[in-house]
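Trainee: I'm new to this one and would like a close look at a single part. Could you take me through it and then around its surroundings?

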Amino acid sequence: MTPEGEATNQPWNSGHQGLGGLENAKPFPCPQCVRSYGSKSALNRHLREECGMPRQHICYLCSSAFSQRCNLHRHVSTVHARDSKPPNL
Ligand SMILES: [Zn+2]
Ligand SMILES: [Zn+2]
């Protein structure tokens, strides 16, 4: 009586499951710098918004430059919180 659902005795199912260490590896290294990312979308975001093209987000109020859009948003919402009206050109 050998139920086919049992797979404990099959040789290909025993061992070789603990490839420890690879779980922390980030398989998407940036080709332009030392950073690496766990997903391709994260790497693409880095390449698009950070790597190779720094400081591309310019504050329209004081022309300060930031490498990330979130930093620009934070800058605008903190520094220019008082006069938060964009130029109406
Ligand atoms: Zn990079
Ligand atoms: Zn500014």
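Trainee: Where along the chain is the place of S63?

Mentor: S63 sits in the loop between β3 (57-58) and β4 (65-66). Before we dig in, keep in mind that this is a predicted model, in which local features need pLDDT of at least 70 and side-chain atom pairs count only at pLDDT 80 or more, while totals for chains, interfaces and linings use all residues. Residues are numbered from 1 along each chain as its sequence is written, chains are lettered from A and ligands numbered from 1 in the order in which they are written.

Back to your loop. The backbone at S63 has a positive phi of about 65°, even though S63 is not a glycine. Why point that out? Because most residues other than glycine have a negative phi. S63 is also exposed, because its count is 7 other C-beta atoms within 10 Å. The cut-offs go like this: buried takes 20 or more other C-beta atoms within 10 Å of a residue's own, exposed takes 12 or fewer, and partly exposed is in between, with C-beta atoms placed from the backbone.

Now zoom out to place that loop. From the N terminus on, the elements run β-β-α-β-β-α, which gives 2 helices and 4 strands. Both kinds are DSSP runs numbered from the N terminus: H or I with at least four residues for a helix, E with at least two for a strand. Of the 89 residues of the protein, 1% count as buried.

Keep going along the chain from β4 and you meet Q68, in the loop between β4 and α2. Q68 is partly exposed because 15 other C-beta atoms lie within 10 Å. Leaving aside neighbours within four places in sequence, Q68 is in contact (C-beta atoms, placed from the backbone, within 7 Å) with E49, E50 and H57. Take E50: it is 18 residues from Q68 along the chain, yet their C-alpha atoms are separated by 6.6 Å.

Then comes α2 (69-79), with H80 in the segment after it. V79 belongs to α2 and is partly exposed, because it has 14 C-beta neighbours inside 10 Å. V79 and L61 are 18 residues apart in sequence and 9.9 Å apart in space, C-alpha to C-alpha. As for H80, it is partly exposed because it has 16 other C-beta atoms within 10 Å. Its C-alpha atom and that of C59, 21 residues away along the chain, are separated by 9.9 Å.

For one more loop, look at G38, between β2 (36-37) and α1 (40-49). G38 counts as exposed because it has 12 C-beta neighbours inside 10 Å. Setting aside residues up to four places away in sequence, G38 touches K26 and F28. A25 lies 13 residues from G38 along the chain, with 7.5 Å between their C-alpha atoms.

Finally, the big picture on contacts: among those between residues at least 6 apart in sequence, 4% join residues at least 24 apart.

Methods:
Contact = placed C-beta atoms within 7 Å.
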